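Biologist: I am new to this structure and should be grateful for a close look at a single part of it. Please choose a place to start and follow the connections from there.

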Amino acid sequence: MSNCGAQLEFIHAGLVFEDGPERLRALRDLSVTVRPGESVALIGPSGCGKSTTLRLASGMLSPSEGDVLVNGMPVGKPRQETALIPQDLGLLPWKTVLQNAVLGLAIRKVPKDQALQHAKDALSQVGLEGFEAAYPKELSGGMRQRLALARALAMDADLLLMDEPLSAVDALLRESLQDVLLDLWRERGHTQMLVTHSIEEAVYLGERILVFSPRPATLKADIANPHVGEDGWRDSAQFANQCNEVRSALAESAGEATGANPPEPQAAADKKGR
Amino acid sequence: MLSKVGGYVFAVAFIVAGWWITALAVNSPALPTPAQTVEVLGSNMDVLIPFFWTSAYRVVASLLIGTLLAVPIAQLCTRSRVLDRLFAPVLYLLYPIPKVVLLPILLVLFGLADAPKIVLISLTVFFQVLVAVRDAVKAVPESALISVRALGGSAWDEYRHVYVPATLPAVFTSLRIGVGTAIAVLFIAEAMAGSTGLGYFIMQSWSMVNYPRMFAGIIALALLGLVLYAIFDLLERRLTRWR
Ligand SMILES: Nc1ncnc2c1ncn2[C@@H]1O[C@H](COP(=O)(O)OP(=O)(O)OP(=O)(O)O)[C@@H](O)[C@H]1O
Ligand SMILES: [Mg+2]
């Protein structure tokens, strides 16, 4: 496909959740520019604000401070050219695999035949052909993740946001789906942002690896990883080095937070407890 | 499939046998045996068939009217917090009242023909569907709505892809359960007023002390209920395959 990737910018973006029992800051002063066609991996401790960052990029949330821009425009509401795979996948239980895969296109009012063809192609790309008529409850966790991936792929988006899309598949399938993601990204040239807890996955798929601190998330490290997509990258010595670098950046950001600012998450929990 | 058919054959055989034994034991003209009933049904077909259709028309029209009013109102109520706060207590107070007590008023207002019966059954159905759909809308998973919104869907897309498919099974469940009540209300309405329908046929036979004829009417009314129940059951099952 010849669609160019979108440019995604966070400019001093911050987010505070106001609707809970108390104000909760999830993101502080994030400034990052993701260039068109770039693949960025986002890694950080659990609960730090990664999903929140993706929801900001998708337009599901608006920043409390600063700006989030796609192609230079503030994203006020979800764009139809952005595909988000939410952490809970967002599959509709009353729709079959094929109906779920075609949903994004149906919403965009793509002609039916064309939409179905796109959806079927996407399903076969993730290895779900033959399951078109099944319902999500009949799929395994990994198959559901592949379905969510197929739905995003069918949309041919210029910005693909993925929240731990491969966390429930076995190691081998995971590697093969990582290759699917990599091939699709190279072939289509979309911009992508991938949240993951796997250091290897981040290093395998991200041209840049953003490391977040514990909540409220701040950008702790922005590690260049230029060899993504090269043959044999996963087995090279450099790959292992990069993994170590990300690992120590993660440990450092976690350690820093527990050293400099230990009571924060704990204090909030205590307050709720009382 | 075969075992299912076998199950129904067994059930019918069981019921007919039970009925036969009871009829022989009771030995009253008010409870004819199945063999006598077949005979009676045959000889009353000319009156029964038009009355069957009259009654069927009244129930089906009421089910449609009740449902078509209840679904959008239930959706509307649950979409707006203010409306729901306003209507929830009203609903809470009105729902348990047996609507059939309104029959005398409706007879005064609408006369003796179809109108009061349809209004009465529609009211009964309306509340049942309203309550069921309201609960179903409240149970719609937030993540489904989020997913449609994340794909850039409009309010109409949310309605089409989430609210309708998520609540339609509840509509048919409430209709399936409501058929029994609807037929009961129909019987009372027809028995009390007018000179058409199976309810009238049954009460007329009773006053004529023609028990076999009365029983034929009962069988016809039971059949009407059974057919409607089976239809809604089928629709419900087809729509809830995803569960
Ligand atoms: N809608 C919301 N309202 C209030 N607080 C929220 C909301 N969504 C998330 N949070 C809070 O914001 C913080 C960050 O959440 P987020 O989901 O972004 O974390 P995460 O980095 O994706 O975590 P994980 O790796 O476990 O998925 C958490 O403390 C969470 O409780
Ligand atoms: Mg998350």
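Modeller: A:P216 lies in the loop of chain A that runs between strand β9 (208-212) and strand β10 (219-224). The model is a predicted one. The peptide bond that leads from A:R215 into A:P216 is cis, and its omega angle is near -5°. A:R215 also takes us to the ligand: a polar atom of its side chain is 3.3 Å from an oxygen atom of ligand 1. Because a polar contact requires a pair of N or O atoms within 3.5 Å, this pair at 3.3 Å qualifies as one.

Two further side chains reach oxygen atoms of the ligand. In the side chain of A:S46, an N or O atom is 2.7 Å from an oxygen atom of ligand 1. For A:T52, the separation between a polar side-chain atom and an oxygen atom of ligand 1 is 2.5 Å. Ligand 1 on its own would expose 630 Å², and the protein buries 71% of that area. The site that holds ligand 1 is the second largest pocket.

The surroundings of the ligand can be described residue by residue and then by element. There are 16 residues around ligand 1, and those that come nearest are A:S46, A:G47, A:K50, A:S51 and A:T52. By class, this shell consists of seven polar, five charged and four nonpolar residues. Two elements of chain A, strand β2 (24-34) and helix α1 (50-58), each contribute at least two residues to the shell. Helix α1 of chain A provides the largest share, with four residues.

Strand β2 deserves a second look for its backbone. A:D29 belongs to this strand of chain A. The phi angle of A:D29 is near 45°, which is positive although the residue is not a glycine. Its relative accessible area is 45%, so A:D29 counts as partly exposed.

A similar backbone feature is found elsewhere in chain A. A:K109, in the loop between helices α2 and α3 of chain A, has a positive phi of about 65° and is likewise not a glycine. With a relative accessibility of 65%, A:K109 is classed as exposed, because the exposed class begins over 50%.

Helix α2 (residues 97-107) of chain A, on one side of that loop, contains A:N100. A:N100 is buried because its relative accessibility is 0%, and the cut-off for a buried residue is under 20%. A polar atom of the A:N100 side chain lies 3.0 Å from the backbone oxygen of A:K95.

On the other side of the loop, helix α3 (112-125) leads towards helix α4 (141-154) of chain A, and A:S140 is placed in the loop between these two helices. A:S140 has a relative accessible area of 36% and is therefore partly exposed. The C-alpha atom of A:S140 is 9.1 Å from that of A:V169, and these two residues are 29 apart along the chain.

Chain B completes the picture. Nine helices and zero strands make up its list of such elements. The C-alpha atoms of chain B occupy a box of roughly 70 × 50 × 30 Å along the principal axes. Of its 243 residues, 43% are buried.

Definitions and conventions: Residues are numbered from 1 along each chain as its sequence is written. Chains are lettered from A and ligands numbered from 1 in the order in which they are written. This is a predicted model: local features need pLDDT of at least 70, side-chain atom pairs count only at pLDDT 80 or more; totals for chains, interfaces and linings use all residues. Side-chain values use heavy atoms; hydrogens and water are left out. A residue is near a molecule or strand if one of its heavy atoms lies within 4 Å of it. A polar contact is a pair of N or O atoms within 3.5 Å; within protein, one must be able to donate a hydrogen and the other to accept it, and residues adjacent in sequence count only if both atoms are side-chain atoms. Accessible areas come from the Shrake-Rupley method with a 1.4 Å probe; for residues, only the protein chains shown count as cover. On a 1 Å grid over the protein atoms alone, a cavity is a set of points where a 1.4 Å probe fits but cannot get out, and a pocket is an open set with protein on both sides within 12 Å along at least five of seven lines; lining residues have an atom within 4 Å of a point. A molecule sits in a cavity or pocket if more than half of its atoms lie within 2 Å of its grid points. Ala, Val, Leu, Ile, Met, Phe, Trp, Tyr, Cys and Pro count as nonpolar, Asp, Glu, Lys and Arg as charged, and the others, Gly among them, as polar. Buried means under 20% relative accessible area, exposed over 50%, partly exposed in between (1.4 Å probe, protein chains only).
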